[in-house]
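Reader: I should like to learn how to read the features of a protein model in an orderly way. Could we proceed from a single contact to the sheets and cores?

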Amino acid sequence: ATTTTRRAMRCGTRWTAATARRRATTASIKSTEKANGKAFRKPVESRSSIRMGIPSKGRMAEDTQALLKTCQLPVKKLNPRQYAAEIPSVPGMEVWFQRATDVVRKIVSGDIDIGIVGYDMLAEIAYGDDDIVIVHDALGFGGCHLAVAIPQAWDEINSMRELMALPKWGPARPLRVVTAYPSVAKQFFEDIGFEHVEITTADGALEAAPAMGAADCILDLVSSGTTLRENNLKEIEGGRVLDSQGVLVASREALLKREGLLEIVHELLERLEAHLRAESLFMVTANVRGDSPEAVAAKLNSAATLRGLQGPTIAPVYTPQPDGSGKAGEYYAVSVAVPKSRIYETVKKLRGMGGSGVLTFPLTYVFDEEPPRWNALMANLGLDATKYEHLKVM
């Protein structure tokens, strides 16, 4: 795999707020392009199986499988040399290992129904395709961004505005940009009104192009920025094009017509959202002195960090007595879920309220009554969510 392809596998991408307002044109897919410019899409009726696509190589593939495994959705290959697999806990669904770009292409063509991809691939290949539905837009891995980078030697240029203002750009001497994302690049420069731009494509070693004189700047994926600095390049203000991470996407037509697919998507969302929400939370328990559960609750609710998800859980502590019995009323056990970053702050507040024996432990899952993104998906598809309430208990 080339340098850019490997980096793309590590990243998924989300449009910035400015890009979200664009009316971008879907990049053509040469292998399936029709004369009218639209990609050929196989009808849902052409097969009965439900198919999911996931990246086959690179960091993106590793992170995808790690996330699924943590959500009790481990991918099992019957044969390590085959590209087909299964998730035993989701019977009836095939899992296909594909190149990251092909996951998107095959959702577009109707060969698979759902997939986990980097949003950079989605943006380049299928942005603007009405059939593509983003089911989960923040899977929490593959964080990076797509940006314009210019030579560090251009000391006087530190923003896209300054770059555009250089008088040398014109029809005879356009800004030469090399990128692996020509569709995204074309749309970006059109949106900011940069007229005189020549975009060329390359699959790897983009950072070398300015030093070789093959380009003036690059538009590429950036993670830590180390590779840019090592090649004497720098990002500039206004040149950040896309924010990036892994996403779960699906075919709208398949969601509406493929029997059993919505049920599977509901289960995937339940597990993914429960785990991803729990990742940022810790449970804190303590014994707090108080006159009554209501009095303890009043103290806890006075601090925003001690209110938990819907409110603190409070129960009497039965203090051992000399005769072997237990006496309630002096201490109350409290449990609250708090952000991981505020654990120590929470401990100190509990101590200040007469708390002791404070315990903290990470959470694995936090299940809501219904995944918020499920309700959003129902609205996107124009479906009545109440008709699928049975999925909560099945």
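**From one contact to the whole fold**

Author: Let us begin with a pair of side chains: that of Asn380 makes a polar contact with that of Arg252, at 3.0 Å. Please keep in mind that the model is predicted.

Reader: Which residues is Asn380 in contact with, once its neighbours within four places in sequence are left aside?

Author: They are Val133 and Arg252. Asn380 also illustrates how a fold brings remote parts of a chain together: Asn380 and Ile134 are 246 residues apart in sequence, yet their C-alpha atoms are 9.7 Å apart in space. For the protein overall, among contacts between residues at least 6 apart in sequence, 75% join residues at least 24 apart.

Reader: Is Asn380 buried, exposed or partly exposed, and why?

Author: Burial is judged by relative accessible area, with buried meaning under 20% and exposed over 50%. Asn380 has 39% relative accessibility and therefore counts as partly exposed. In the protein as a whole, buried residues make up 46% of the 394 residues.

Reader: In which helix does Asn380 lie, and which residues of that helix are buried?

Author: An α-helix has 3.6 residues a turn, so residues three or four places apart point the same way. Asn380 belongs to helix H14, residues 372-381. Within H14, the residues Trp374, Leu377, Met378 and Leu381 are buried. Viewed down the axis of H14, these buried residues fall within an arc of 100 degrees, so they line one face of the helix. Their cover includes S6, helix H10 (252-257) and helix H11 (261-278). Just after H14, Gly382 takes a positive phi of about 75 degrees.

Reader: You mention S6 as part of that cover. How many of the residues of S6 are buried?

Author: Four of its five residues are buried, so S6 is largely enclosed by the rest of the structure. As for pairing, strands of a sheet pair through backbone hydrogen bonds, either parallel or antiparallel. S6 pairs with S12 in the antiparallel sense over four bridges. Val133, already met as a contact of Asn380, has Ala250 in S12 as its bridge partner.

Reader: What is the strand order of the sheet that holds S6 and S12?

Author: The sheet is open and has six strands in the order S3-S4-S2-S5-S12-S6, with mixed pairing. Strand S3 (84-86) and strand S6 (132-136) are at its edges with a single partner strand each, so one side of each has no neighbour in the sheet. From one strand to the next, the twist averages 35 degrees. At the S3 edge, three bridges join S3 to strand S4 (residues 93-98) in antiparallel fashion, and Ala85 stands opposite Val95 in S4.

Reader: Which helices pack on this sheet?

Author: Helix H4 (residues 100-109) does so, touching strand S2 (50-55), S4, strand S5 (114-118), S6 and strand S12 (246-251). The direction of H4 makes about 140 degrees with that of S5. H5 also packs on the sheet, where it touches S5, S6 and S12, and its direction makes about 105 degrees with that of S5.

Reader: Where does Gln98 lie, and is it buried or exposed?

Author: Gln98 lies in strand S4. With 12% relative accessibility, Gln98 counts as buried because the cut-off is under 20%. Its side chain makes a polar contact with the side chain of Lys106, at 2.4 Å. Beyond four places in sequence, Gln98 is in contact with Ile54, Pro55, Ser56, Val103 and Lys106.

Reader: What is the strand order of the open sheet of four strands?

Author: That sheet has the order S14-S15-S13-S16, with antiparallel pairing. Its edges are strand S14 (313-320) and strand S16 (355-362). Six bridges join strand S13 (residues 281-289) to S16, and Val288 stands opposite Gly355 in S16.

Reader: How many residues does the largest nonpolar core have?

Author: In soluble globular proteins, nonpolar side chains tend to be buried together. Here the largest nonpolar core has 40 residues, and those with the most contacts inside it are Leu163, Phe189 and Leu219. Helix H5 (residues 119-126) gives the most to this core, with six residues. A second, separate core of 39 residues includes Met52, Leu68, Trp374 and Tyr388. Trp374 is also one of the buried residues of H14, the helix in which Asn380 lies.

Key:
Residues are numbered from 1 along each chain as its sequence is written. This is a predicted model: local features need pLDDT of at least 70, side-chain atom pairs count only at pLDDT 80 or more; totals for chains, interfaces and linings use all residues. Side-chain values use heavy atoms; hydrogens and water are left out. A nonpolar core is a set of buried Ala, Val, Leu, Ile, Met, Phe, Trp, Tyr and Cys residues joined through side-chain atoms within 4.5 Å. Buried means under 20% relative accessible area, exposed over 50%, partly exposed in between (1.4 Å probe, protein chains only). Helices (H or I, at least four residues) and strands (E, at least two) are DSSP runs, numbered from the N terminus. Contact means heavy atoms within 4.5 Å. A polar contact is a pair of N or O atoms within 3.5 Å; within protein, one must be able to donate a hydrogen and the other to accept it, and residues adjacent in sequence count only if both atoms are side-chain atoms. Two strands pair if DSSP finds at least two bridges between them. Axes are lines fitted to C-alpha atoms, for helices over the stretch in contact, and angles run from 0 to 180 degrees between N-to-C directions. The arc is that of the directions from the helix axis to the C-beta atoms.
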